[in-house]
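Colleague: I'm new to this one, so could you take me through a single part of it closely? I'd like to hear about the nonpolar core.

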Number of protein chains: 2
Amino acid sequence: NGFSLTSSQRKQLLQSPGGAFGSCRFKLPDDIKHPIYKRCIEVFKAHNIRYFLYNGGGDSQQTSLKIAQASQYYDHPTHCIGLPKTIDNDLPVTDTCPGFGSTAKYIAVSTQEIALDVVSMHQTSTKVFIFEVMGRHAGWLAAASALGKKNKQDAPHLILFPERTFKSEDFLHQTASTVRRYGYCIIVTSEGIRDAQGNFISDANQTDAFGHTQLGGVAAYLSNLVVSELKLKTHFAIADYLQRSARHIASKVDLDQAYAVGAKGVELALNRQSGVMVTIKRLSNANYRWTLTQTPLSRVAAKERKLPSKFISANGYGITNSARTYLHPLIQGEAYPQYRHGLPQYLAFQPEFVPKKLPDWNDPDV
Amino acid sequence: NGFSLTSSQRKQLLQSPGGAFGSCRFKLPDDIKHPIYKRCIEVFKAHNIRYFLYNGGGDSQQTSLKIAQASQYYDHPTHCIGLPKTIDNDLPVTDTCPGFGSTAKYIAVSTQEIALDVVSMHQTSTKVFIFEVMGRHAGWLAAASALGKKNKQDAPHLILFPERTFKSEDFLHQTASTVRRYGYCIIVTSEGIRDAQGNFISDANQTDAFGHTQLGGVAAYLSNLVVSELKLKTHFAIADYLQRSARHIASKVDLDQAYAVGAKGVELALNRQSGVMVTIKRLSNANYRWTLTQTPLSRVAAKERKLPSKFISANGYGITNSARTYLHPLIQGEAYPQYRHGLPQYLAFQPEFVPKKLPDWNDPDV
């Protein structure tokens, strides 16, 4: 078939970011009788597909569950296995999700680096730096920014979590008092912070020069707020895809788990399991020990796990020791890709598709 | 004195980003008879300061030149040596500037990583990605984004240089045709691109919800433009300080040059030279060989070197082979910092100042 790889390509694939088989944003309909499921199983039958392994977050587990249900409904037993994979780390049951540890490491390292830059120049230039990271509904990644923080005066000074309501007056007060105390202030914000009415802060700055919807990040909004209200010089960075594709600074623990989770998925499928997601179970914090187990897809499908309250410090702008204890093992170990002439040897994978066996089909909904 | 370091601290300092001695944005007056110069030399005399080594870009070399002139004018011979150091790489005479190679490497690697992320999901999600990098007046860093590009279809597809006028119609045309051809489009933009009237594009989107000046980046502006005019899903990242503090992915060549440039500055000062800047001279492209020499500060002070036309491809959106030949050696070699418990061991350096010998002084201009 079209997916066979040489052993050197396999090695290269192991050290490449992105989804080699592609990725999608596609929501299956709720009704299992919808014709798309019939078609899907017809395709499975035509190509004799008996195993379906699918990775992603809560929505992707929902997809796996639907496929498992459809394969029963249309009487084509398929072994459907969900694999956790989301940098957002917001799946329940599993200890963590592959992708998260590496992104967390990138954010923890970058926050320290940015802070050293700001420290060097704060006396005559930038006083406030805002670093926007992903996390539309859960603040796991923002929390990871504090992993390099040892003392109160270390960066980040303020973390803005989607789990906490953003109150601009308090934010400005905290920022100003941090600058008074230390001379500068490093802020890490989740992209998904909201005001008391539940509106995304990034929506507050909606209209561009054309009168069209503005996509600008929260960081730009917060930066404007600090400039306008506190008259302090600011800079900001928006990490966006930089954070989730930064294979060059991946966590070894994360890579090990990603590989093990995939292998376990294959094992479960070959053992004729279906309708389950592989989960990582933490056995100990000290010298982080973990094992793999499984959970019914129904327990994780379309669910999300927010940062628990005990992980957020009393004032709402930092993390607690229990958050550190949880997060710390996940960023351990460096696993550099191989470099050639100064650049990582990433594989740009071009999957070849097997020839179609069925005639074209048009989704009646499209 | 206050700057002595243990050997382990020195080692740690070598692998830490930021300016350990601090940095400033401070422009000295043109008139050498301004009282600030008199005060400055009085401080030098009081502390018996005979050597002045100062690193930075064109403005900093101007500062070094002024101090050299003032020390002659006030008859306190001081050996003033300029050291090149700017990620913008825009100093003339020297082959390159320490700081540039590492930032260039970060940008080249990040562009490849982002592209693999977009490739995986472009069929059902993000079609256009915009990556904003530094370079207010010169496109050296934007140019470096193409170092991983081997074929026409590889990222980045469009580079926007400050050396070329930004024309929105042509930009939209190029973006749309790239998406038609490859399915997606990766764009790298310098922060300092301008329109035909010479206005910064980032100024076009000036007013925020408060009616105050907007600091938002060019990337947000371009993203809005693509969404509005082409109806394509976009994402963008703004690297800002991330790019210039990313010690975790520094270029070995760059670090070697930074160290050698500093050592050469000390050597020149001890040899009683003054009024010169250390320069790097390229001896060969193949197996990049270089040596150190010097140039009068007057040749580099307040000057800037833009990307030469022969480095920009005919359509204005890419780089030429001569650009590659120049840039390629500067990103060679990895020089990872030491990690402990998952994080680099960066030194947060707290310089202690020697006690003041002179009474306070107030700048009459302030």
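Modeller: Sure, let's go. The largest nonpolar core has 120 residues, and those with the most contacts inside it are Tyr106(A), Phe131(A), Tyr106(B) and Phe131(B). A nonpolar core here is a set of buried Ala, Val, Leu, Ile, Met, Phe, Trp, Tyr and Cys residues joined through side-chain atoms within 4.5 Å; buried means under 20% relative accessible area with a 1.4 Å probe, protein chains only. This core takes at least three residues from each of domain 1 (19–99 + 248–305 + 323–332) and domain 2 (105–247) of chain A, with bounds from an automatic or database domain assignment.

Keep in mind that this is a predicted model: local features need pLDDT of at least 70, side-chain atom pairs count only at pLDDT 80 or more, and totals for chains, interfaces and linings use all residues. Residues are numbered from 1 along each chain as its sequence is written, chains are lettered from A in the order in which they are written, and side-chain values use heavy atoms, leaving out hydrogens and water.

Now zoom in on Phe131(B). Leaving aside residues up to four places away in sequence, Phe131(B) touches, among others, Leu242(A), Tyr106(B), Ile114(B), Val188(B) and Ala237(B), where contact means heavy atoms within 4.5 Å. There's also a second, separate core of 46 residues, including Ile187(A), Ala219(A), Leu222(A) and Leu172(B).

As for cysteines, Cys97(A) is buried, with a relative accessible area of 0%. The count of disulfides, meaning pairs of cysteine sulfur atoms within 2.5 Å, is zero over all chains. For Cys97(A), the nearest cysteine sulfur, in Cys24(A), is 18 Å away.

Conventions
Buried means under 20% relative accessible area, exposed over 50%, partly exposed in between (1.4 Å probe, protein chains only).
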